[in-house]
Amino acid sequence: LLGFGVVLVCTILIAVFSIWSIEKITGTTVKALNTSFVISENASVVRANTLGLRRYEKDMLINLESTEKVREYHEKWKKEHTNLLAKIADMEKLITEQKEKERINEMKKDLQVYDSGMANLYELLKDRKVKSVKEGNVALEKFKDPVRRLEKTAADIAAEASKKMASVEKEIVVYAGNATVIMVIFSVITILLVGGISIVIVRSITIPLNRVVVGLAEGADQV
């Protein structure tokens, strides 16, 4: 009876540990998907949006002789800008580390500086005060470093979030490996116990039975 109790305990332990391992791996995966993956994705979009702003900036300068074209590209620039702000806000909600929060604040400040330069450039283009692409670039020159820095910061955040995802993958592999080893150990112990108990049960039946058979045989010989 004691042996069966031990087997039952081992079986329960295997089941409990299996459930715990699954929950641990699932929890780690979900957390990674809800944080690092989303941050990486949003940062990549922020970078793409920033490059989009630069593209429309250049389109406005290239078409500086057409007020209509300048207005058209400025509208596209504003839509890209709105999308950019939305993605930065999404990242800000997910980031918890102080260092990362400071980087988000730096991105917002860089964007504000670039915005002021673009607002000034648009007014100059509307008033036809910019006569060439070169003049437009000169007017915007001191505002370009902040937007370049913004694009680089977004790229860095995306790369770092991807590295965290890779480290989570390794962590999951370790959890899975440890869980497998422990379950194999418990399974082997259970199999050995079952085998041992079976042998004991068989011997407890066969030995007395053999004695009975021997006794009957001896009795028959005496008759």
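Trp77 is a buried residue in this predicted model, with a relative accessible area of 6%. Its ring has a partner: the centres of the Trp77 and Tyr114 rings are 6.1 Å apart, and because their planes meet at 45°, the pair is tilted. Tyr114 is buried as well, at a relative accessible area of 0%. The pair joins distant parts of the chain, since Trp77 sits in helix H2 and Tyr114 in helix H3, with their positions 37 residues apart. If you search the whole structure for aromatic pairs, you will find two.

Let's step back to the chain as a whole. It has five helices and zero strands, so read from the N terminus the order of elements is α-α-α-α-α. Among its 223 residues, 29% count as buried. Contacts over long stretches of sequence are well represented: of the contacts with a separation of 6 or more, 82% are between residues 24 or more positions apart.

Now back to the two helices that carry the aromatic pair. Two packed helices can be described by the angle between their axes and the distance between the axes. For H2 and H3, the angle is about 170° and the axes are 12 Å apart. An angle over 145 degrees counts as roughly antiparallel, and that is why H2 is described as roughly antiparallel to H3. On the H2 side, the contact includes Val70, Arg71, His74, Trp77, Leu84, Leu85, Ile88 and Met91. On the H3 side, it includes Ile104, Met107, Lys108, Leu111, Tyr114, Met118 and Leu125. Sorted by class, the contact of H2 with H3 has 13 nonpolar, three polar and four charged residues.

Leu85 is worth a short stop here. This residue of helix H2 is partly exposed, with a relative accessible area of 41%. Its C-alpha atom is separated by 9.1 Å from that of Leu111, a residue 26 places away along the chain.

Which residues touch the most other members of the largest nonpolar core? They are Met107 and Leu125, in a core of 32 residues. The elements giving two or more residues to this core are H1, H2 (67–94), H3 (98–126) and H5 (144–222). H3 provides the largest share, eight residues. You can follow the surroundings of Met107 in detail: leaving out residues up to four places away in sequence, Met107 touches Val46, Ile88, Met91, Leu150, Thr153, Ala154 and Ile157.

Met91 also leads us to another residue, Asn42. Asn42 lies in helix H1, which covers residues 2–62. Is Asn42 buried or exposed? At 4% relative accessibility, Asn42 counts as buried, because the cut-off for that class is under 20%. Setting aside neighbours within four places in sequence, Asn42 is in contact with Lys87, Asp90, Met91 and Leu94.

Finally, follow the chain out of H3 into the loop that leads to helix H4 (133–140), where Arg128 is found. Arg128 has a positive phi of about 55°, although it is not a glycine. At 43% relative accessibility, Arg128 counts as partly exposed.

Definitions and conventions
Residues are numbered from 1 along each chain as its sequence is written. This is a predicted model: local features need pLDDT of at least 70, side-chain atom pairs count only at pLDDT 80 or more; totals for chains, interfaces and linings use all residues. Side-chain values use heavy atoms; hydrogens and water are left out. Helices (H or I, at least four residues) and strands (E, at least two) are DSSP runs, numbered from the N terminus. Buried means under 20% relative accessible area, exposed over 50%, partly exposed in between (1.4 Å probe, protein chains only). Contact means heavy atoms within 4.5 Å. A nonpolar core is a set of buried Ala, Val, Leu, Ile, Met, Phe, Trp, Tyr and Cys residues joined through side-chain atoms within 4.5 Å. Axes are lines fitted to C-alpha atoms, for helices over the stretch in contact, and angles run from 0 to 180 degrees between N-to-C directions. Angles under 35 degrees count as roughly parallel, over 145 as roughly antiparallel, 65 to 115 as roughly perpendicular and the rest as oblique. Ala, Val, Leu, Ile, Met, Phe, Trp, Tyr, Cys and Pro count as nonpolar, Asp, Glu, Lys and Arg as charged, and the others, Gly among them, as polar. Rings of Phe, Tyr and Trp (its six-membered ring) pair if their centres lie within 6.5 Å; planes under 30 degrees apart count as stacked, over 60 as edge-to-face and the rest as tilted.
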